[in-house]
Amino acid sequence: MHGPASPGWLLVALCAATGAYCLVRMRSTVEEQRRSAGGEALMGFGMAAMAVPAAVFSPPAWTWPLYAAIFGVAALRALFSARASRHHLHHLVGASAMVYMAVVMAASPGHHAGHGTTSGVPLLTGVLLLYFTGYVLLSGVRLVPVAAGGGAVGWGDRPELAKACRLSMGIAMVAMLLTL
């Protein structure tokens, strides 16, 4: 995303750490944790790569269509998985938002946020911002009353960390959409 360097690096760190934790969650003994963790790891690392400040690294033009294709496939997988679990609808919206941002970045490679120009479809950007802002607020409320579990639980099986991971990605998505 094109924006100031410091917040960009903070987004890179947040998304990369989230993606790394999602990889740890893939080793969970709970099947549903493993199933959703792979898609969330892809999302975290994809968001980290997309958030690298343009002043440091300006990706070649072919990367944006590649991102759109990768997240398009992820969106189709989420659509297929949504038949079994409603949670995958959120994955569908997230992957679709990544496709949208990649297409916008491909269409305006010289665009930098804060220079008086806008990219993308303002209505679609606004709808995605409303969705992810609502998701962040709802996730934050759900995270507050988490009670401590009993016994020894592995890092991949901690539901409160999975919720915090999803909350972090939602916050990063809001930040990325704001700089679009």
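## Tyr-135: ring pairs and pockets

Tyr-135 counts as buried, at 14% relative accessibility (buried means under 20% relative accessible area, exposed over 50%, partly exposed in between, with a 1.4 Å probe and protein chains only). The model is predicted: local features need pLDDT of at least 70 and side-chain atom pairs pLDDT 80 or more, whereas totals for chains, interfaces and linings use all residues. Residues are numbered from 1 along each chain as its sequence is written, and side-chain values use heavy atoms, without hydrogens or water.

**Exercise 1.** Determine which residues ring pairs link into a cluster with Tyr-135, and classify the pairs.

*Step 1.* Three aromatic pairs are present in the structure (ring centres of Phe, Tyr or Trp, the last by its six-membered ring, within 6.5 Å; stacked under 30 degrees between planes, edge-to-face over 60, otherwise tilted).

*Step 2.* For Tyr-131 and Phe-132, the centres are 5.0 Å apart and the planes meet at 85 degrees, an edge-to-face pair. Phe-132 is buried because its relative accessibility is 3%; Tyr-131, at 31%, is partly exposed.

*Step 3.* Tyr-131 and Tyr-135 have ring centres 6.4 Å apart and planes at 20 degrees, and therefore form a stacked pair. Both residues belong to helix 5, four residues apart, or about one turn of the helix (a helix is a DSSP run of H or I with at least four residues, numbered from the N terminus).

*Result.* The cluster consists of Tyr-131, Phe-132 and Tyr-135.

**Exercise 2.** Describe the lining of the largest pocket by residue, element and class.

*Step 1.* The lining comprises 16 residues, with His-87, His-90, Tyr-135, Arg-142 and Arg-166 nearest the centre (a pocket is an open set of points on a 1 Å grid over the protein atoms alone where a 1.4 Å probe fits, with protein on both sides within 12 Å along at least five of seven lines; lining residues have an atom within 4 Å of a point).

*Step 2.* Two or more lining residues come from each of helix 2 (31-51), helix 4 (88-107), helix 5 (122-143) and helix 6 (159-178). Helix 5 supplies the largest share, five residues.

*Step 3.* Six lining residues are nonpolar, five polar and five charged (nonpolar: Ala, Val, Leu, Ile, Met, Phe, Trp, Tyr, Cys and Pro; charged: Asp, Glu, Lys and Arg; polar: the others, including Gly).

*Result.* Tyr-135 is among the lining residues nearest the pocket centre, and it also takes part in the ring cluster.
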